[in-house]
Amino acid sequence: MIPPGSTIGIIGGGQLGRMLSVAAAQLGYECHIFDPHETPCAADVAAQVTRASFDDSDAIRRFGDDVDVATYEFENLPVEPLRALGDKLKPGTRSLAVAQDRAAEKRFIEKCFGRVASWREVSSLADVTASVLKIGLPLVLKTRRYGYDGKGQAWVRSRREEQAAWELIGREPAVAESAVNFLAEFSVILARWEDGRHCFWDSPQNEHGEGILRRSIVPCSDEIAAQVAEAREAALRVAEALGHVGVLTVEFFASAEGPLINEIAPRVHNSGHWTIEGAVTSQFEQHIRAICDLPPGITGLTRGGATMENLIGPDVERWPELVAERGAHVHIYGKGDPRPGRKMGHVTRVRR
Ligand code: AMP
């Protein structure tokens, strides 16, 4: 067990690192953020910051010497330098390596008997054509690496769009994935301990716009609820096969054929932000508990449910109205420039 008073290293200094640091501080830990940016928003609430590139192995090693346990808040990190952290890194590099490559991820899910939409690997325009012939239209091309919030994706709706879509994703190694005619989207958020103990939160129903999460709602609709048990089993098989320690989020499509996995995030997730006020123990606190091997907290609802709305880009300028709204829990990440598409904050409304 890593006791309060110890130092937790967090690789990545965005809003997830910020909310992890706040939860860690509540339990008496100090956080050390590792991030290449000048002013990562997690630095505002952390005891120490290392500003260095994610591929700076020496800096990672020094950081590792300073912390008692280390974790990461996003998955687009080079894996090799992190190996220097050894067993201190929780979750380990396996979870990271699988989740950061869409082809490896889909193969891993299928090995764990999870279901995904029909897909093929693509590394040339000829592969795009072959995928269209095999999978059918429409399909979506997604770069294997560095995609998030709908970035690195292009739809192919007709044969004429093959080339434009291939150009749009920068001719990068990709996967071609068939369009899922989903009823709704939801996620399974779980936390797992080294010894196999685990817990789930209620599954939120997730609404996206332009590839970005807009809203998460708990409880989910009945049609999703009917698929949650199967989805949890698949998510847990993935967590166990990875030997994952900490929070793991699996995004699903609820389809007429049952739950299909869209992607895995080896970390706390935007669709779990509602747990800060909507659940007895938040995803952030539970992640800290799991990586420090403290006992699990209760994940049940504090009240009848919650709705989390993201504040994206200029939405954050609504803050005066939101902070005046009775009962609205406003979170502003302190990220400065509200560029379009940038997650600037969120607001959670707990059901009475
Ligand atoms: P992703 O970055 O893969 O999570 O995709 C972002 C969003 O795009 C998803 O949450 C869906 O709303 C939509 N999307 C992604 N892949 C597909 C698909 N194969 N079929 C239908 N919609 C998709």
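Trainee: Where is Arg171 found?
Mentor: Arg171 is in the loop between helix H7 (162–168) and strand E8 (174–178). Helices (H or I, at least four residues) and strands (E, at least two) are DSSP runs, numbered from the N terminus. This is a predicted model, in which local features need pLDDT of at least 70 and side-chain atom pairs count only at pLDDT 80 or more, while totals for chains, interfaces and linings use all residues. Residues are numbered from 1 along each chain as its sequence is written, and side-chain values use heavy atoms, with hydrogens and water left out.

Trainee: What is the phi of Arg171 near?
Mentor: It is near 50 degrees, a positive value in a residue that is not glycine.

Trainee: Is Arg171 buried or exposed?
Mentor: Arg171 counts as exposed, at 52% relative accessibility. Buried means under 20% relative accessible area, exposed over 50%, and partly exposed in between (1.4 Å probe, protein chains only).

Trainee: And Glu210, what about its phi?
Mentor: Glu210 also is not a glycine, and its phi is positive at about 50 degrees. The residue sits in the loop between strand E11 (205–209) and strand E12 (212–218). With 74% relative accessibility, Glu210 counts as exposed.

Trainee: Staying with the backbone, which peptide bond is cis with omega near -5 degrees?
Mentor: That is the bond from Lys90 to Pro91. Pro91 belongs to the loop between helix H3 (79–82) and H4.

Trainee: What kind of peptide bond joins Leu137 and Pro138?
Mentor: A cis peptide bond, with omega about -10 degrees. Pro138 is placed in the loop between helix H6 (125–135) and E6.

Trainee: Switching to cysteines, how many disulfides does the structure hold?
Mentor: The structure holds zero disulfides, a disulfide being a pair of cysteine sulfur atoms within 2.5 Å. Cys41, for instance, is in no disulfide, and the nearest cysteine sulfur, that of Cys31, lies 13 Å away. Cys41 is also buried, its relative accessible area being 5%.

Trainee: Why has Cys220 no bond to the closest cysteine sulfur?
Mentor: Cys220 has none because the closest cysteine sulfur, in Cys199, is 17 Å from its own sulfur, too far for a bond. Cys220 is buried as well, with a relative accessible area of 17%.

Trainee: Now the charged side chains. How many salt bridges are there?
Mentor: The count comes to 25 salt bridges, each defined as a side-chain nitrogen of Lys or Arg within 4 Å of a carboxyl oxygen of Asp or Glu. Side chains of opposite charge can pair when their charged atoms come close.

Trainee: Where do Asp58 and Arg61 lie?
Mentor: Both lie in helix H2 (residues 57–66), three residues apart, which is about one turn of the helix. Their side chains form a salt bridge, at 3.3 Å from N to O. Asp58 is partly exposed, with a relative accessible area of 45%, and Arg61 is partly exposed too, at 42% relative accessibility.

Trainee: Which residue does Asp101 form a salt bridge with?
Mentor: Asp101 pairs with Arg144, and the closest N and O atoms are 2.7 Å apart. Asp101 is in the loop between helix H4 (93–99) and helix H5 (102–111), and Arg144 is in the loop between strand E6 (139–143) and strand E7 (153–156), so the pair ties together parts that are 43 residues apart in sequence. Asp101 is buried, at a relative accessible area of 6%.

Trainee: Which residues are linked with Asp101 in a network of salt bridges?
Mentor: The network links Asp101 with Arg107, Glu121, Arg144 and Arg145.

Trainee: One last pair: how do the side chains of Arg349 and Glu325 meet?
Mentor: They meet in a salt bridge, with 2.6 Å from N to O. Arg349 lies in strand E17 (residues 343–350) and Glu325 in the loop between helix H11 (319–323) and strand E16 (328–332), so this pair ties together parts that are 24 residues apart in sequence.

Trainee: What is the relative accessibility of Arg349?
Mentor: For Arg349 the value is 26%, which counts as partly exposed. Its partner Glu325 is partly exposed too, at 28% relative accessibility.
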